[in-house]
Amino acid sequence: MKRHAKRFCGILLLTAMLLAMIPAGFATAAGVAMPTVDIMPGLYRETKQVSLSVATPGATIYYSTDNKMPDETCMEYTGPITVSETTNICAIAVANGVKSDPVTFTYIIKDAEEPIFQFVAMSDIHIGDKTKDAPRVKKAFDVIQSIFPEPDAIVHVGDQINDNHVAHPEQPDRSADHQIVIDLLQKELQDRSLTDKTDISMVMGNHDSLVGNMQKYYPEEWFPTSGPGYYHKVINGYDFLFLNTENHSEAQKNWLSEQLLEITKNKTEMNKPIFVAAHRPLPSTVMDGQYATLSTYNAVLNEYPQVVLFSGHSHLNMNDEKSIHQNNFTSLNTGSMSYIEIDRGNNFQMHTNAGQVASFEIPVTQCYFVEVFSDRVEFDRVAVN
């Protein structure tokens with residue numbers, strides 16, 4: 001197996017800044033409209049001249065391009081902004097001393113080369129209420145299509161729902177919430193004409209009840225309707241291996257080893273990335289990789305530098321550089337599509353002086369946008385909501 005590992009070369013991993021994709025609105029609590037732009041945020045392959053405007057008469061726009069929260073000390077808008085590289089334009093409007101809410105417009109600028117394959121990797125969407133969660137899912141797809149109009153795939157790395165322990169007497173069975181996930185995703189795919197263009201793949205997470213319940217609800221093409229919850233899938237010629245870290249076993253480790261060996265037997269496949277998705281991070285990789293029982297998978301993946309492993313579970317901020325680990329293979333923390341938690345080491349709770357538990361949750365959702373080229377893979381970390 002080392003022979004295959006040593007033959008691999010040519011993948012360049014590039015990561016952009018955390019990108020906020022927040023659409024502008026008009027009505028604000030302060031009564032001053034937020035600025036708007038004439039070019040929609042998204043991915044472009046050429047320099048753009050972006051013009052800002054505001055509906056409130058007499059308002060002045062201030063903006064920043066260094067991810068600083070804008071105020072009156074920032075640049076005053078006087079004319080189109082040249083965007084020649086990936087940039088967040090953060091802006092406010094001020095009228096009679098009253099500020100609008102801030103708004104961010106993100107432009108991902110790439111060169112003219114088109115990728116061979118592109119997909120979105122996300123995790124921990126935690127769906128449980130169709131009415132409440134539908135706007136969040138719609139917003140996520142709005143952002144996805146602004147960057148990848150027709151993504152080849154969406155890979156969800158576990159925790160589709162909130163059913164943690166179906167057998168626990170104090171926790172009702174919520175496995176039927178998987179049907180809500182299906183309904184919301186299928187509606188977005190259908191409304192955007194992506195049903196036959198975008199592959200959907202699921203990984204088993206600790207909040208997804210049981211493998212049998214996922215198999216009961218999801219279509220075969222989204223999650224295998226039989227078997228132990230780990231599987232191999234080829235999407236547009238690229239290999240994806242989906243692990244079940246909720247039931248890690250010697251059998252699964254051996255299966256993983258066999259799959260990788262089989263994939264790399266073909267010399268033409270040696271320099272292609274192999275994507276692996278596992279809900280829990282592996283030890284000694286990205287932050288929160290504390291599950292020592294999963295270390296046997298490290299031993300297998302260490303032989304394959306072309307492996308890119310996506311993990312979820314932690315909800316930790318993917319903009320933290322500890323969310324990227326590259327050694328014998330590459331590991332990436334996908335953040336979360338429900339909320340982000342602040343990295344606080346092993347302290348999962350903290351009490352205030354008043355004896356109350358402080359919150360470490362931030363209402364931001366994040367995921368990876370992945371582009372595969374003939375000689376490299378590029379990753380953009382994007383805040384979706």
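Start with the whole chain on screen: of its 385 residues, 55% count as buried. Keep in mind as you look around that this is a predicted model. Colour by secondary structure, and you should find 6 helices and 25 strands. Now switch on the surface. The chain exposes about 17000 Å², and carbon and sulfur atoms supply 50% of that area. Contacts tell you about the fold too: among those with a separation of 6 or more, 68% are between residues 24 or more positions apart.

**Stop 1: helix 2**

Select residues 130-147, which form helix 2. How far apart are its end C-alpha atoms? They are 25 Å apart, and this agrees with the 26 Å that 18 residues should span at 1.5 Å a residue. Add Asp129 to your selection, since this residue caps the N-terminal end of the helix. One of its side-chain oxygens lies 3.1 Å from the backbone nitrogen of Thr131. Then pick out some of the buried residues of helix 2, including Asp133, Arg136, Phe141 and Ile147.

**Stop 2: helix 4**

Next, click on Asn213, which sits in helix 4 (residues 211-217). Is Asn213 buried or exposed? Its relative accessible area is 15%, below the 20% cut-off, so Asn213 is buried. Show side chains here: those of Asn213 and Ser209 are joined by a polar contact of 2.7 Å. Beyond its neighbours within four places in sequence, Asn213 is in contact with Ser175 and His178.

**Stop 3: helix 5**

Move on to residues 250-263, the 14 residues of helix 5. At 1.5 Å a residue they should span 20 Å, and the end C-alpha atoms are indeed 20 Å apart. Highlight the buried residues Gln252, Lys253, Trp255, Leu256, Gln259, Leu260 and Ile263. Now turn the view to look down the axis: these buried residues fall within an arc of 160°, so they line one face of the helix. What covers them? The cover includes strand 16 (231-235), strand 17 (238-242), strand 18 (274-278), helix 6 (295-301) and strand 19 (307-311).

**Stop 4: a loop residue**

Finish at Phe329, in the loop between strand 20 (324-326) and strand 21 (330-333). Phe329 counts as buried because its relative accessibility is 4%. Not counting residues up to four places away in sequence, Phe329 touches several partners, among them Leu282, Asn298, Tyr304 and Leu309. Select Asn298 as well: Phe329 and Asn298 are 31 residues apart along the chain, while their C-alpha atoms are separated by 9.0 Å.

Technical notes
Residues numbered from 1 in each chain as written. Predicted model: local features only at pLDDT ≥ 70, side-chain atom pairs only at ≥ 80, totals over all residues. Heavy atoms only, no water. Helix = DSSP H or I, 4+ residues; strand = E, 2+ residues; numbered from the N terminus. Expected span 1.5 Å × (residues − 1). Buried < 20%, exposed > 50% of the residue type's maximum accessible area, 1.4 Å probe, protein only. Polar contact = N/O pair within 3.5 Å; in protein donor to acceptor, adjacent residues only side chain to side chain. Arc of directions from axis to C-beta. Contact = heavy atoms within 4.5 Å. Areas by Shrake-Rupley, 256 points an atom, 1.4 Å probe, with all protein chains shown as cover.
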